Amino acid sequence: MTSSSTSSSAVRSSAKHAAERIQQHLPPSNPASLSSSSLNLPSKTSIAASINHSPRPKERPSSTASSVSAASPSTRRSGTPVHRSQSKDFDEDNDPGRVRVSVRVRPRNGEELKSDADFADLVELQPEIKRLKLRKNNWNSESYRFDEVFTDTASQKRVYEGVAKPVVEGVLSGYNGTIMAYGQTGTGKTYTVGKIGKDDAAERGIMVRALEDILASASSASSVSVEISYLQLYMETIQDLLAPEKSNISINEDGKTGEVSVPGATVVNIQDLDHFFQVLQVGETNRHAANTKMNTESSRSHAILTVYVRRAMNEKAETGTKSPKPESLGDKGIPRVRKSKLLIVDLAGSERINKSGTDGHLIEEAKFINLSLTSLGKCINALAEGSSHIPTRDSKLTRLLRDSFGGSARTSLIITIGPSARYHAETTSTIMFGQRQQQLESSAYKEKLADASKVYEKKIADLVQRVEDEQARSTNAEHQLNEMKNILSNQQKSIHDQEMGNYQYQRELAEATYTYESKIAELQKKLEDEHARSNSAEEQLRQMKSIISDRQVLSQENEETNELKKKLEELSQMYESTVDELQTVKLDYDDLLHQKEKLGEEVRDMKERLLLEEKQRKQMESELSKLKKNLRESETVVEDKRVKEDLPKGPSESGALPGSQRSHGLKKSLSGQRATMARLCEEGMILSREFSLILFWGNPIDIFVSTSVSVGVQKILHLIKSEDLEVQIQAVKVVANLAAEESNQVKIVEEGGVEALLTLVQSSQNSTILRVASGAIANLAMNEKSQDLIMNKGGAQLLAKMVTKTDDPQTLRMVAGALANLCGNEKFLKLLKEEEGIKGLLTMAQSGNIDIIAQVARGMANFAKCETREIMQGRRKGRSLLLEEGALEWLTSNSHIESASTQRHIELALCHLAQNEANAIDFKRTGSVTEIVRISVESSRDDIRSLAKKILRSNPQFSS
């Protein structure tokens with residue numbers, strides 16, 4: 001018997017003697033008459049208050065209380081410091097101050113099933129009586145008792161509830177606790193303690209289940225915080241598993257309290273269970289493990305998970321009245337915080353080198369593991385034997401766990417063993433380690449037990465005196481009982497007399513019954529009347545239902561009215577968008593009028609040039625007629641000479657051959673001249689005939705309606721491909737003039753005019769051709785069919801590249817006008833952006849030319865208008881494509897331009913872009929909101945001012 005056990009036994013013995021003294025003073029008969037109120041036994045609350053400083057949230061009953069309960073079962077009351085059920089006999093295994101020890105046996109593995117198939121298990125488990133038998137041989141075995149015995153089929157939840165849950169509950173009540181796993185390597189310590197089980201909740205170990213309960217308790221109270229640190233002791237160095245760069249962390253001990261701490265460890269505030277899974281996974285990844293013969297993942301370090309729980313103390317009510325000062329405040333009014341700490345320790349397994357097969361560095365690891373476990377065993381032996389010196393400083397492991405054995409912490413140990421007889425020595429050592437742990441008691445519990453015993457002895461003395469007083473009162477009660485018997489006899493006589501008088505009462509009852517039956521008949525009649533009134537009420541109810549049905553119909557009509565209101569609102573929105581489009585069309589119409597005036601000037605210039613060319617044509621025809629006349633005269637002279645040379649002249653005939661040769665050469669030369677002149681005449685006549693039609697008939701609309709005009713368009717488009725540059729220029733000018741009229745555009749498109757013009761723009765380097773061809777494309781771009789053909793042939797990309805091909809302002813104005821017309825088609829917005837049409841417009845605007853800037857502004861207004869229409873109709877969402885090319889900055893910087901029409905287009909573009917709420921951030925970033933405010937006040941157009949004001953009212957980001 002150790003000294004600690006002796007002191008505890010002495011306290012229990014004194015409590016038993018006091019209980020016997022009470023038993024001697026109890027009366028031999030009628031024990032049930034001694035109620036708890038007559039004995040005036042101390043209540044749970046009063047006794048708990050006398051030892052309120054006990055660190056245990058729940059204590060088991062002492063031997064004194066058990067003895068009193070056994071002596072008087074009918075007056076069974078708790079005499080313990082806290083609320084736990086009593087046991088009739090003192091059970092040393094239920095001692096709350098002792099370290100609780102449980103044992104778990106793992107199942108046989110594949111190798112053991114093969115090698116030990118003919119041998120029985122090393123251990124025999126008796127979980128019902130919490131015992132384990134260790135076989136020495138086939139005949140003899142030794143029995144050991146533990147607090148819990150778990151078979152190889154025990155679930156993780158069952159192990160947690162038996163081993164760790166009482167400790168976790170104590171931690172939640174403000175007390176420190178320790179849960180530790182010890183055993184041979186490969187017996188399932190890490191599986192029992194550290195299994196994460198994220199995918200399968202049934203596989204979760206003690207660490208995860210403990211945090212799950214703590215976090216569940218913390219979620220119900222906002223004033224609770226949960227923090228953890230995760231360390232490993234590897235080869236006598238403390239390393240941080242959550243921050244691997246921290247190694248060889250030092251241990252600090254408080255000189256006053258003796259509390260052990262590791263200040264260099266990383267502490268993580270845990271928010272929820274998923275967060276803990278992530279943190280624990282990081283720690284497990286950094287833990288040292290190796291493959292040995294006994295375990296494929298053998299832990300090579302001791303892992304220590306520390307959980308810190310902090311809870312603000314709430315105000316309590318005691319004995320039905322509020323305390324004058326909240327418990328949550330200290331003596332100086334400072335808020336109190338209850339702190340508790342839980343240590344979960346996964347010890348590395350003890351192993352023998354010859355069985356584990358370790359070599360090299362693994363041998364060094366095994367030495368340090370066995371050394372620290374040996375030091376732990378020495379401390380346990382010293383505590384069990386009551387030694388005055390506990391060698392806790394022999395190892396860092398024992399220093400960290402100093403408070404877990406013999407200290408104030410509540411400690412639970414689970415030892416893990418294997419069933420194979422090959423490891424008889426290791427299993428025996430593990431079991432004996434657990435048995436020594438069961439002999440340990442916490443020092444705090446010893447002190448509280450001694451204090452409680454003194455309180456109980458004083459209470460027992462008071463109870464003895466009260467029993468003596470109760471005996472005297474019992475004698476007095478017997479005399480009172482005799483008097484009560486006499487009174488009872490008199491009462492029985494009085495009852496007999498009353499029975500004799502009952503006859504008279506029965507007769508009176510019959511008369512009363514007749515009277516009541518008459519009244520019941522009257523009530524039945526009244527009930528029939530009430531039934532009639534009920535039928536009338538039902539008829540009224542049916543009428544009310546009919547009224548309600550009518551009201552429901554009216555309600556449906558109201559719903560239809562609401563739907564009509566919604567549709568009216570939608571029509572109103574469509575009307576507003578239509579008004580906006582009408583305003584835009586008006587602006588476009590003004591621009592078209594302006595363009596028409598410019599084109600009229602160009603037509604007048606063209607007519608003047610054509611008149612000049614007509615004069616030149618007449619001169620050429622005059623010269624041509626002269627050449628033809630000279631040609632006929634030359635041919636007549638040649639014929640005359642040839643006739644004369646053909647006449648026979650005798651000896652002179654030999655000279656006829658050279659003359660004939662000369663005549664043939666002259667004829668060939670004249671034929672070549674005649675073909676050349678014919679070709680020139682043909683091209684010149686076609687060209688002059690077309691020019692004459694335009695010049696003298698004035699309006700080409702009436703000319704090109706007939707089939708002959710169709711043939712003329714084909715010829716003109718054919719002349720565009722002529723190798724003669726002058727002919728090419730004149731043909732392009734004719735096509736440009738024809739494209740200015742809407743009625744001719746369809747015919748030009750059908751005859752392949754768009755493809756011819758695009759090919760000419762792509763291949764030609766002549767500035768006049770580029771300018772006139774771009775103008776023709778700009779005119780054709782006003783027609784939707786032409787727009788489709790231009791975009792399908794890559795016209796937008798080709799026009800955008802004209803910026804790099806020429807710097808002629810007139811040409812760039814034509815190109816900008818073509819792109820501006822294409823921007824007015826909703827189908828091509830994205831394609832225009834992808835083919836750099838928007839970028840090309842902004843690049844052309846950098847030229848500074850007023851006419852070019854006007855076309856660019858018109859294109860921006862068209863593009864923004866189409867985007868706004870798509871957004872309002874729900875076909876598009878998100879930021880404007882113009883903003884991605886920097887158009888907003890350009891519009892903002894040019895919003896004060898002098899040209900009134902250009903300024904209107906810029907203001908309209910800004911308003912359309914501001915209608916898209918997705919562009920609000922860009923407007924605020926570029927300062928364009930200020931321009932919207934200015935437009936709402938200073939714009940020359942009433943409709944644009946109204947639109948700007950509406951935008952400022954409807955968009956909260958602008959109004960703020």
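Q: Buried means under 20% relative accessible area, exposed means over 50%, and partly exposed lies in between; as which of these does glutamate 836 count?
A: In this predicted model, glutamate 836 is located in the loop between helix H27 (829-834) and H28. Its phi is positive, about 65°, although the residue is not a glycine. The relative accessibility of glutamate 836 is 45%. Since the range between 20% and 50% is the intermediate class, glutamate 836 counts as partly exposed.

Q: What is the relative accessible area of methionine 235?
A: Methionine 235 belongs to the loop between strand S7 (224-234) and strand S8 (237-240). Although methionine 235 is not a glycine, its phi is positive at about 50°. The residue is classed as partly exposed, and its relative accessible area is 22%.

Q: How are H28 and H29 oriented to each other, roughly parallel or roughly antiparallel?
A: Two packed helices are described by the angle between their axes and the distance between the axes. For helix H28 (residues 837-845) and helix H29 (residues 850-872), the axes are 9 Å apart and the packing angle is about 150°. Angles over 145 degrees fall in the antiparallel class. H28 and H29 are therefore roughly antiparallel.

Q: How many nonpolar residues does the contact of H28 with H29 have?
A: H28 passes H29 in a left-handed crossing. From H28, Ile838, Leu841, Leu842, Met844 and Ala845 take part, and they meet Ile852, Ile853, Val856, Met860 and Phe863 of H29. Polar and charged residues are absent from this contact, and the count of nonpolar residues is 10.

Q: How does H7 lie relative to H9, roughly parallel or roughly antiparallel?
A: The axes of helix H7 (residues 165-172) and helix H9 (residues 206-219) are 10 Å apart, and the two helices pack at an angle of about 30°. An angle under 35 degrees is the criterion for the parallel class. Relative to H9, H7 is thus roughly parallel.

Q: How many charged residues does the contact of H7 with H9 have?
A: H7 passes H9 in a right-handed crossing. Lys165, Val168 and Leu172 of H7 meet Ala210, Asp213, Ile214 and Ser217 of H9. By class, this contact has 4 nonpolar residues and 1 polar residue, while the number of charged residues is 2.

Q: Against which strands do the buried residues of H7 pack?
A: The buried residues in H7 are Val167, Val168, Gly170, Val171 and Leu172. Just after H7, glycine 174 adopts a positive phi of about 110°. Besides helix H6 (156-163) and H9, the buried residues of H7 pack against strands S6, S14 (302-312), S17 (337-346) and S18 (410-417).

Q: What distance separates the C-alpha atoms of alanine 181 and alanine 348?
A: Alanine 181 is part of strand S6 (residues 177-183), and it is buried, with a relative accessible area of 0%. Leaving aside residues up to four places away in sequence, alanine 181 touches Lys189, Val193, Val345, Asp346, Leu347, Leu413 and Ile414. Alanine 348 is 167 residues away along the chain, yet the separation of the two C-alpha atoms is 8.9 Å.

Q: Why is one side of S2 and of S4 left without a neighbour in the sheet?
A: The open sheet has 3 strands in the order S2-S3-S4, with antiparallel pairing. On average, neighbouring strands of this sheet are turned by 20° against each other, direction ignored. One side of S2 and of S4 is left free of a neighbour because these strands stand at the edges, each with a single partner strand.

Q: Which residue in S3 stands opposite glutamine 126?
A: Strand S2 (residues 123-126) runs antiparallel to S3, and 4 bridges join the two. They form a hairpin with 4 residues between them, and lysine 130 in the turn has a positive phi of about 60°. Opposite glutamine 126 stands arginine 131.

Q: Which residue in S4 stands opposite leucine 132?
A: S3 and strand S4 (residues 141-145) run antiparallel and are joined by 5 bridges. The hairpin from S3 to S4 passes through 5 residues. Opposite leucine 132 stands tyrosine 144.

Q: Which residues form the covered face of strand S3?
A: In a regular strand the side chains alternate between the two faces of the sheet. Helix H14 (residues 424-438) lies across S2, S3 and S4, at about 145° to S3. In S3 (residues 131-135), the uncovered face has Arg131, Lys133 and Arg135, whereas the covered face has Leu132 and Leu134.

Key: Residues numbered from 1 in each chain as written. Predicted model: local features only at pLDDT ≥ 70, side-chain atom pairs only at ≥ 80, totals over all residues. Heavy atoms only, no water. Buried < 20%, exposed > 50% of the residue type's maximum accessible area, 1.4 Å probe, protein only. Pairing = 2+ DSSP bridges. Axes fitted to C-alpha atoms, helices over the stretch in contact; angles between N-to-C directions. Parallel < 35°, antiparallel > 145°, perpendicular 65-115°, else oblique. Left-handed = near helix turned anticlockwise from the far one by under 90°. Contact = heavy atoms within 4.5 Å. Nonpolar A, V, L, I, M, F, W, Y, C, P; charged D, E, K, R; others polar.
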